[in-house]
Every structure is written in structure tokens, then in C-alpha cells.
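Please open the structure in a viewer and keep the sequence panel visible. The tour below proceeds by selection, with a description of what is found at each stop.

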Amino acid sequence: MEINKHYFDTVIIGSGLAGCRAAIECINTGSVAVLSKLYPTRSHSTAAQGGIGAALGNEEPDSPEWHTYDTVKGSDFLGDQDAIEIMCYDAIPTIIELEHMGVPFSRTPEGKIAQRRFGGHTRDFGAAPVRRACYSADRTGHAVLFALYEQCQLRGVRFFQEFQVLDIVVENNSVQGIIAVNIKDGSLHVFESKAVIIASGGYGKIFKVTSNAYASTGECLSMLFRQGLPLEDMEFFQFHPTGLYGLGILITEGARGEGGILINGKGERFMERYAPTIKDLAPRDMVSRAILTEIREGRGINGKDYVYLDLRHVDKKILEERLPEITTFSKIYMGIDPSEAPIPVVPTAHYAMGGIPTDIDGRVLKDVDGSVIYGLFAAGECACVSVHGANRLGCNSLLDTVVFGRRAGKTATQMLKDMQKGRVKKDRIDKTFEEIENLRNAKGKESIASIRKDLQTTMMDKCSVFRIEKELKELLVELEDLKTRFKEISLTDRSKTFNTELLEAIELSHMITLSEVVAQSALVRTESRGAHCREDYPNRDDENWLKHTFAFKSDRGITFKYKPVKITRFKPEERKY
Amino acid sequence: MSKFYTFRIKRYLPEESPSSRWDEFRIKLESMERVLDGLIKIKENLDGTLTFRKSCAHGVCGSCAMKINGLNRLACQTLVKDLPELIEIEPLPSLPVIKDLVVDMTLFFEKNDRVLPYLINDDPPPERERIQSQEDQHKILESITCIMCGSCTTSCPVFWADKEYLGPSALLKAYRFLFDTRDKATDSRLERITGEHGVWRCHSIFNCVEVCPKEIDITKHILKIKRLAVKKGFKGGD
Amino acid sequence: MRYRWNTGSLAWLVHRITGVILTFYLIAHIFVLSHLKNPSAYDQLMNFMKNPILKIGELLLFAAVLIHVFAGIRITLLEAGLSTKIQKPLAYLGVVAVAVIWIVCGFFFLMEVF
């Protein structure tokens, strides 16, 4: 076995928004390597459509204070308010900086960054919707990702594309480096470093219907979890209300921000009943539940399992200029022109609020007491600061990635001079090598595809928008069974060159682990809050559950600890829109 | 409505054989399913060694560009109902094949690096955003939708003959910055792209426009670069 | 390498091919003319050229010229700033123009001989 060794001061896993933003910070003080299992600009950040939130006030008066309030309320009061405040106030300089880096934002008639309405974003603490989402048509993520990647190129960041991370080595309370495989030729690479920043994105692929990419499988979270590190608030998974029926492809909330409305089988604008003030622009958890409630009560379109997103009354010019991408998606995948016919939509698995717990500077926490792993950072969807709490507001995810990507990068940079070079021990490398070789030569009787399909189906059926104890318990039994079946998998591709089947096997094993954490966390939290809706516990329970869940791996299975929510300004109140 | 389709796929498995071969798979697909769905079904049920890139599956990441029935397209954006029963799939032309439908795109991406693909503006930034009119933003609107899937450059006969040629994708990237009012590096960028293998090599063949999955009129952008270069007196060639 | 033909690539290809043909013709043309030493040799050549097969050859040559000219005009117009949206109509228009001119001129041209 030949091993290629590298040393970089900072190693970043993931080349999406958070990874690239962190890299721009880190390159000032030392060498940086960014690893991506895709080509960098193929990261799923590129699929973000609607916008990136900041109270610039370009279109109408706005303030970061209102933004903070909206985010806190959107999170169903589970978000840590100190972190939320940082994000909403940092938003303004961060967006301006992005503009200076070259992001081609859409413009107002005066030439400033254009802004549009988005779900849950209001003025005067909930009075009415406000234009806060800065956008570049409906390709905002794409526009920002390219600009950041280009700035990385300008600054000389080294990219290792199509490298799959196999292990993140944490020993003696500090990070030592990572082990990865070059997908192209199957060669093993060890990256030793002082700091590692995980920016690997989400794991929506554990669900059957998702807006997430095939690459969004969350293996980095699982790698830490398996080493005994905690995962925070994993029960909170956001379902975006408007995914294309049958496909789950995202139709941006910006469509409703530009005037689109949801209608049920009776032709009613049903959101008026669920959120009388801001109607279709209510937060995603509420809209998703509303849609599924309509469907359950027989008011889907023709009694079927979808509703319509109606854009027919929206000015054609606005569709062309501000929503060209979703117009194309509807045309290509549904054969529907949104200006002529309504689009069939259903909720689609979209965003993980939970993830690797970090402090406000992106340092990975190893316990509820706030102690950290030295040199290990996380940012973006894979991390949980927590700014999104129980439910994320639209256009806060891109903001989260750039604000906390930058902060994690900055902190790493400041700590660099005091940090030791990491060492990855040989036995750890041997172990990783052995694992991957065993997998590559696996000769069982189960196929990856069938296990994955069963996993995604059962997660969708039993752990999506509505959850109930009985089903969650069944789910956990099924997951045990899937774990057993995974031990019996078989691969047909045994080559070293671009072995995507092997990668899928690695991803699947981690997806099962993550699903278990999600299901267990969902079972434990006996209340309904934000995106986590327990039908057997329909109310929010602040007395017992105003706290973050930390899931740990132990010999007895998954155990839980809890961390109090940071509440500074806004006391929990009933959440009405 | 479902129907049987025959996928005729050009295979190259370097660890098995040094030469390529054609494999045929017959699968049932719904009319609204995509070529990518077909490939995934084949990989899951018929032949696990079949290799291709994929990620977003809805035409925004650019991973799954390949030659389908003689044209470069995204597998995730091509519905089977728009194709005949026999679907012939090859890797993108004129790039080295790594395995099956996966090509080595290093050469393609390297071209981008040659056009200074980033916003350059050394003026001290203003406190707020740089002002850009809607009209000025519209000038680059089409060019910023590029997803760098490689369909255009690998469909260009000039690139087939001259691997040094920058190609439509990199030239479009150059346009994106040349015509961005916030960028200040017009001259140095023009200097780099008006050389022997640069913008003058484009013969307005329009293959790139035919295949672009984002429907960008790439040739139009290249012609605008040519006119700008003429106006500024960049003849190049040396 | 097989690749599906598009209007633009066909236009480009015939432009190239006719260009090469015309180049060779021009060389041959100048070579022959520069070797004519006296009036009788010239008359002899002219008589030889009245051969119907050569007449048809000349007609084909004329077609090549026309194709090359119109392909060149199309590209020049596009480069000068005419909308690229009409690149295909322009090509079709060129085909029609070439065909009409060739047939009409060819008719008069052949009338001279037969």
C-alpha cells in the first residue's frame, strides 16, 4: 500500500460556500487545502435559489434587530440568540464584502443590491413581510459559489477535487488531520494539518424525496459521531414546502416572495387559515405542515397527494427576470409553463438544522459544557451553532455559511501559531485502508441499492414532517435490520479507478448511522417544536424541552445530554404569523 | 406511461481491457424520467460497474454532461420521452476518458485559469456595495448562468483540432468579467485571450450554442469580445 | 468522431471545403495562364475549354465560389454585430441565394454552349 502524505496548515473538507469562504480567510496566514468529492463548483450550494438574507434596507426600511427577532421566532425559540444576533448583524458587512468579491447580484433601479420577500422575514417584529433576501435571479447560490471559488483561485488555494474523505483523525483532544481517497485512481492520501474545517454540507439523501444532491450524504458528521463526538439537534430536519411533485426538485420560496400562492383542491388559498398575517410567506415548517394537513384531510388536488403553487397571476416579466430557473425546471420536468398552469408541489426534505455542535467561532464542541476539540472547526449546513434552532428561515442558510465560514476561518487563522502540526498514526491509516479494502471486496448477498432504497423509504414514511412514537420505534427496529443487512453487502465493481459503487457503499454506511441518530433524537424529544412535529405531543413544551439535544455514541447505543438554549433578548412566546 | 428503452453505452474499463466496447441494456422507464434515471437503474439493477458522474440531478451542478444520441447534454435534463427507443450514450468527446462516461476534465478547467477568471478591482472598496445599473447587470446576466459542464467546449470542432484553444466556456468566463462594470482588468484579460489560441480561433460554428444546457448564446458573447478587442486594438497573434 | 451535424457546423464545413477547392483552383489557374506563350496556345486552350465536361466542371466551380462567398458574407455580418439569433435563417437564406443564382446563371451559361 502506497500512501501519499501531504501537509497543509489548514485542511478544509467541502468546497461549497462555507468551505470556500473559510479558505479565503485562511490563505492569508498559511497553506490551505480544500477537498471536495466533486469538482468545487458542483457543490450543492450552487442549487440554492432564492436569496441570502441581510437587512440592507435597499428596497424598504429594515434593521438587523428585526432580522434577529425573525430568526429567533422562526427557530421556535430554540436558536441560540447570541449566535443569531452575530449572524444578523454580521450579515450586512458580509454581503457587502461578497458584492466586492464579484457576486453578480440583481440590482434595484438605483443600482443597489436587489432584495425580495422571503418566508418568515418581517418588519417591526412580525408586522408585515419585508424585502430582505438579496438575490441574483433565482440562482443566488450559484452566483455566490462561483464568486467565492474564483476568489480562492485568485488567492492560490489548493483544491483537491474528487477526493473522498474516509476519516477525520481526532486524537488526544485535538485534530491530527484527515485520510482521503483520490476517487480517480483509488490512491490513499493522508493530509496532516494544524486545523481542519469541516464544511461538508447536509445529508438530505437519507430521505426518499429531497431537494438535496446525490452527494449530500453527510459522512463527515457520522465520522465524528462514531469517534464519540456529539451531534446536536439532529431531530430537526426541514422539509421545504414546495418541491416539484414526484421529484423533490426545489421551487424557491422566492416564488411566493414574488407573489405566488398555494392553493388546494378546492381552489382555496389555504395558508390564510394557518398564518393570517403573512399567509404564504409563513416559515417553512408551518407551510409544510399546512400542505400535508390539507392533503390528509382530502383537500389535495383532485384528492391526490399534492397541492398547487400558482404563479399564473405573477407578471410574466418577473417570472422571466427573477425566476427563470424554476420556470425552466417546471417546463423541463413537469411539462408545465408556470405562467399558464399551476405547479404541482409537495414538501421535500431540504435542510438539516442539526449537525456538528460548534461555538460562535466555529470550534467543534465535544460536550455540552462548551469544551472544544483543539483545531477542529465546522461551518455551514453540517454544523449546528445553533442559529436555526428548530426551524431555519429561508435565505438564512447561505448567510449562515458565509458568516460562520468566515468566522471559523478567522478563528483558525488566529490560533494557527499556537497549534501543533498534527500526526496521523500508521495504525489509523492501516485501519482505514483495511476497511475500504474489505468494502471493495465485499461478497455478500445484499445490494447497496436495495438497502439504500429501503432506508430512504422508511425514513420518509416514519420520520419526516409528522412523527409519532409507535412509528419511530418501528423505524429504529428497521434501522437495526438495515445495519445487519449492510454487513452482507456485495459490490460488483472491484476496480480502483473511479469506483463510484465503492463510494456509494461508504456513503450508505454513514447514512444509516445518521438516520439512527435522527430517529433516536426524534423519539427522545417529546414535544413539537419547529420542524419536529410529534403527533403524540402536539404542543411546545418550554418547561422541559427548551434545550439542545446532544447525541453521543456509547456502548449502550445512543445516549443523550442536553444544553440550555442561550436566551438574551427575546423571551419565548407563542409562535403565530 | 412506461416504455422499454435500449441504452447503448460506450464502456471503457481500464482495469479490464485497454480498449472500449459497446454494451446494451434494456430497461423500462416512465416517459417523464430522465436519461440519468435510466443510468442509475442500470447501475443499481443490471451492472454495478457502470460509471458516470452525478450530483444535483436537476441541471445546476454540471456533473452529468455526456454525449447522448450524438449531442452533448446533461443526462439529468434530458427526458427519455424526447429520445428514440435506442439511446446511445458516450462520454464527452475529445477529452481523455477515465472510465466509462467519466472524462478527465483537467484540460477543460485549466483553460479557465488562463483568462483571469475572477473579479479584479484594486480601487479601495466603497463602504456599501459598488453601484451597478440594471442594464449593466443584464449585460452579464446570461454569461453568469454557466455551470461549467463542459458540453460546449467538447462540442467545438476547433477544440477537437486544437487542444490549446481556449474554447467557448473559458471565453464566456472571460466575457463575464470583461463586461462586468465592476472589473478593472479589461486590458490584461484581453491580452491573454487574443493570442494564437484565443478568441480569433472561434469560427462561429455555433455547436456550443446548440448544446448548452443553460441555453446560453455563447457565440454571441464571443463575437462581442472580438468587437471589443478590435475596438481596443488587440490584434494578438504573437 | 461522429457528432450530429448542426446548421452552423455544416456552414462552417462547406465554407472550409470550398475555400480549399478555390485555393487549389487558383493555383492551377495562375499556373496555366502563366505558361501560355503565344496567341495560338491561347486559342487552343479556349477550344479545349468548350468541352461539355469541362463546362460542367466550370459550373461546379462557380457553385463553389457562390457557396464560399455567401458563407463568408454570413460570418462577416454576424461578426459585425448582426443578431446571432438569425444565424440559421441567414444560412438558409444563403442556400436559397446560392441555388437561385447558380441555376439562373447556369442556364444562361449553358445556353452559350448547347
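Two residues are in contact if their C-beta atoms, placed from the backbone, lie within 7 Å. With that criterion, select chain B: of its contacts with a separation of 6 or more, 67% are accounted for by residues 24 or more positions apart. The model on display is a predicted one.

**Stop 1: chain B as a whole**

Keep chain B selected and colour it by secondary structure; eight helices and seven strands should appear. Along the principal axes, its C-alpha atoms fill a box of roughly 60 × 40 × 30 Å. Chain B has 238 residues, of which 52% count as buried.

**Stop 2: the two domains of chain B**

Next, colour residues 2-103 of chain B as domain 1 and residues 106-231 as domain 2. How far apart are the centres of these two domains, taken over C-alpha atoms? The separation is 29 Å. Where the domains meet, domain 1 of chain B supplies 14 residues to the contact and domain 2 of chain B supplies 13. Select strand β4 (residues 71-74) of chain B, which gives the most to the domain 1 side of this contact, with four residues. The domain 1 side that touches domain 2 divides into eight nonpolar residues, five polar and one charged.

**Stop 3: where chain C meets chain B**

Now display chain C together with chain B. The contact between them takes 14 residues from chain C and 18 residues from chain B. Which elements of chain C give two or more residues to the side that touches chain B? They are α1 (7-34) and α3 (52-80) of chain C, so these should be selected next. By residue class, the chain C side comprises five nonpolar, six polar and three charged residues.

**Stop 4: a helix pair in chain A**

Two packed helices are described by the angle between their axes and the distance between the axes. Move to chain A and select helix α14 (residues 469-486) and helix α15 (residues 500-524); their axes come within 10 Å and cross at roughly 160°. Angles over 145 degrees count as roughly antiparallel, and α14(A) and α15(A) are therefore roughly antiparallel to each other. Their crossing is left-handed. To view the contact, show side chains on both helices: the α14(A) residues include L472(A), L476(A), L479(A) and F486(A), while among the α15(A) residues are L508(A), I512(A), A519(A) and L523(A). The residues of this contact divide into 11 nonpolar, three polar and four charged.

**Stop 5: backbone details in chain A**

Most residues other than glycine have a negative phi, and most peptide bonds are trans. Three sites in chain A may be inspected with this in mind.

- Select F125(A), whose phi is near 55°, a positive value in a residue other than glycine. F125(A) is found in the loop between β4 (115-123) and β5 (128-134) of chain A. Is F125(A) buried or exposed? It counts as exposed, because it has 12 C-beta neighbours inside 10 Å.
- Select K279(A), which is not a glycine yet has a positive phi of about 45°. K279(A) lies in the loop between α7 (271-274) and α8 (284-296) of chain A. With 19 other C-beta atoms within 10 Å, K279(A) is partly exposed.
- Select V385(A) and S386(A); the peptide bond from V385(A) to S386(A) is cis, with omega near 5°. S386(A) is found in the loop between β18 (383-384) and α11 (396-415) of chain A.

How values were computed
Residues are numbered from 1 along each chain as its sequence is written. Chains are lettered from A and ligands numbered from 1 in the order in which they are written. This is a predicted model: local features need pLDDT of at least 70, side-chain atom pairs count only at pLDDT 80 or more; totals for chains, interfaces and linings use all residues. Axes are lines fitted to C-alpha atoms, for helices over the stretch in contact, and angles run from 0 to 180 degrees between N-to-C directions. Angles under 35 degrees count as roughly parallel, over 145 as roughly antiparallel, 65 to 115 as roughly perpendicular and the rest as oblique. A crossing is left-handed if the near helix is turned anticlockwise from the far one by less than a right angle, and right-handed if clockwise. Ala, Val, Leu, Ile, Met, Phe, Trp, Tyr, Cys and Pro count as nonpolar, Asp, Glu, Lys and Arg as charged, and the others, Gly among them, as polar. A residue is buried if 20 or more other C-beta atoms lie within 10 Å of its own, exposed if 12 or fewer, and partly exposed in between; C-beta atoms are placed from the backbone. Domain bounds come from an automatic or database domain assignment.
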